[in-house]
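Reader: I'd like to learn how to read a fold at the bench. Could you walk me through one?
Author: Happy to; let's look at it together.

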Amino acid sequence: MPQMTDPMNALKELQKALENKWVKLTPCDIHKEMLVIADQPNGVVRFTYALVENGKVHAISLFAITDPVEGLPCFNVGYAVLENMRGNGIGTEILKKGIEELYQGFARNGHREFYIEAVVGVENHASNSMAKKLISESPTRCQDHLSGEEAFQYLRKLQ
């Protein structure tokens with residue numbers, strides 16, 4: 001049975017790409033301690049914000065375009081923190097700052113309204129807590145379309 005998409009895979013792939021010098025990250029506009037890369041894996045627009053120290057990726061928040069909501073663009077949100085760095089608020093920080101950077105970038109280009117969503121497995125208590133805090137306090141119970149697992153969908157309109 002397929003598993004839910006795990007953003008930790010994206011963190012590991014970004015680390016590998018940095019080590020091999022396959023990608024170049026640029027400083028973010030608001031939060032200069034973070035780096036960003038925009039790419040299109042499988043033709044899907046994605047923005048990845050990263051906390052990197054001494055060439056080591058500590059945490060990421062990523063936003064990939066998905067189906068529109070109420071006629072507005074929507075980005076599926078993912079976030080990951082290295083296991084040995086969890087429990088220190090880094091996940092909350094990278095997600096909060098990633099949302100701020102994404103909004104700033106789109107607002108600067110005249111797009112002041114769009115949605116973000118996170119689909120989180122019901123058993124992933126840490127991610128559910130973060131999504132509830134930063135995306136929506138009232139998620140909808142759903143089934144992950146890839147894995148079929150029970151999940152919560154968190155949806156927030158940014159404006």
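Reader: In which sense do β4 and β5 pair, and over how many bridges?
Author: Keep in mind that this is a predicted model. Strands count as paired if at least two bridges link them. Here β4 and β5 are antiparallel, with nine bridges between them. Within this part of the fold, S61 stands opposite Y79 of β5.

Reader: What is the order of the strands in the sheet?
Author: The open sheet has eight strands, ordered β1-β2-β3-β4-β5-β6-β8-β7, and its pairing is mixed. At its edges are β1 (26-27) and β7 (140-143), each of which pairs on one side only.

Reader: Which strands does helix α1 lie across?
Author: Helix α1, residues 7-19, lies across β3, β4 and β5, and runs at about 120 degrees to β4.

Reader: And how far apart are the end C-alpha atoms of α2?
Author: A helix should span 1.5 Å times one less than its number of residues. For the 19 residues of α2 (residues 90-108) the expected span is therefore 27 Å, and the end C-alpha atoms are indeed 27 Å apart. Buried residues of α2 include I90, I94, L95 and L102. After α2 comes G110, with a positive phi near 85 degrees.

Reader: Where is N54, and is N54 buried or exposed?
Author: N54 sits in the loop between β3 (46-53) and β4 (56-69). Exposed means over 50% relative accessible area, so N54 counts as exposed at 84%. Its phi is positive, near 50 degrees, though N54 is not a glycine.

Reader: What about E70 in the loop between β4 and β5?
Author: E70 also is a non-glycine residue with a positive phi, about 50 degrees. With a relative accessible area of 68%, E70 is exposed.

Technical notes
Residues are numbered from 1 along each chain as its sequence is written. This is a predicted model: local features need pLDDT of at least 70, side-chain atom pairs count only at pLDDT 80 or more; totals for chains, interfaces and linings use all residues. Side-chain values use heavy atoms; hydrogens and water are left out. Helices (H or I, at least four residues) and strands (E, at least two) are DSSP runs, numbered from the N terminus. Buried means under 20% relative accessible area, exposed over 50%, partly exposed in between (1.4 Å probe, protein chains only). Contact means heavy atoms within 4.5 Å. Axes are lines fitted to C-alpha atoms, for helices over the stretch in contact, and angles run from 0 to 180 degrees between N-to-C directions.
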